[in-house]
Amino acid sequence: GGGGSVSAGLNVWSKFIEKAYVNAGGFVISSDGIVNAQLTALKKVICKGKRAKIMGGHVRAAEEINVSSLGSTGSGETILEVGFDPKGKKELEELQAEKDALDKAVSEDGLNLQGLMKLARVRGGTLPPDKDAAAKQLQKKIKAAQQRLLVVNQELDQKLKDMDSLRLNGKVSCSGLVYP
């Protein structure tokens, strides 16, 4: 139905992959082609055969993508990524997204708390009970978000160091036509 997925600890061997999600701990090997698929291989993606092509989709491999023909004039965008650990990059992107969300939350809650403190100054240093409870809740929320932000920043720094140390020399090999 154009939405299946295959996940393997080692290698995935197939004749043809179309509109599927494929994750492999080693190699993804296809003899006839890959069309509009989302592939991730921790080693190589090899697509060799008479009609072997990669057309459309998003293909990631740590070491190499080796194909007979790449892209086509009529298919959608073909994105290839090599030279890094795909799982590590995904984790890095998730950590960065969490960091951005926490930064935004701390900023927004800080502005709300400043507004309540300004209201307290205008009223002579006191807030109505409901506003006082809201201010205390915001302070707790900001403190928790800042603590989580410290942890996320440490994890992000560690993940960046790990990615730099594991930097691979990736390559894309195509023995036939490469379309723009």
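This tour visits three charged side-chain pairs and then two cysteines.

The model is predicted. Across the whole structure, a search returns eight salt bridges, and the stops below include three of them.

**Stop 1: Glu 64 and Lys 44**

Select Glu 64 and Lys 44 and display their side chains. The two form a salt bridge, with a distance of 3.4 Å from N to O. This contact joins distant parts of the chain: Glu 64 belongs to strand 7 (residues 64-67) and Lys 44 to strand 5 (residues 44-47), with their positions 20 residues apart in the numbering. Colouring the two strands separately will make the link easy to follow.

Next, turn on the molecular surface. Is Glu 64 buried or exposed? Glu 64 is buried, at a relative accessible area of 8%. Lys 44 is partly exposed, with 24% relative accessibility, and the limit for a buried residue is under 20%.

**Stop 2: Glu 91 and Lys 159**

Move to the helices and select Glu 91 together with Lys 159. Their side chains meet in a salt bridge at 2.5 Å, N to O. Here the pair connects helix 1 (residues 86-122), which holds Glu 91, to helix 2 (residues 129-165), which holds Lys 159. The two residues are 68 residues apart, and the pair links distant parts of the chain. On the surface, Glu 91 is partly exposed, its relative accessible area being 37%.

**Stop 3: Asp 103 and Lys 99**

Stay on helix 1 and select Asp 103 and Lys 99. A salt bridge joins these side chains, at 3.2 Å from N to O. How many residues apart are Asp 103 and Lys 99 in helix 1? They are four residues apart, so about one helical turn separates them. Asp 103 is partly exposed, with a relative accessibility of 31%.

As background to these three stops, side chains of opposite charge can pair when their charged atoms come close.

**Stop 4: Cys 47 and Cys 174**

Finally, select Cys 47 and Cys 174 and show the sulfur atoms. Cys 47 lies in strand 5 (residues 44-47), the strand that also contains Lys 44 from the opening stop. The count of disulfides in the model is zero. Cys 47 takes part in none, and the nearest cysteine sulfur to it, that of Cys 174, is 9.8 Å away. Why is there no bond from Cys 174 to Cys 47? The 9.8 Å between their sulfurs is too far for a bond, because a disulfide requires the two sulfur atoms to be within 2.5 Å.

The surface view separates the two cysteines: Cys 47 is buried, at 0% relative accessibility, whereas Cys 174 is partly exposed, at 27% relative accessible area.

Technical notes:
Residues are numbered from 1 along each chain as its sequence is written. This is a predicted model: local features need pLDDT of at least 70, side-chain atom pairs count only at pLDDT 80 or more; totals for chains, interfaces and linings use all residues. Side-chain values use heavy atoms; hydrogens and water are left out. A salt bridge is a side-chain nitrogen of Lys or Arg within 4 Å of a carboxyl oxygen of Asp or Glu. Buried means under 20% relative accessible area, exposed over 50%, partly exposed in between (1.4 Å probe, protein chains only).
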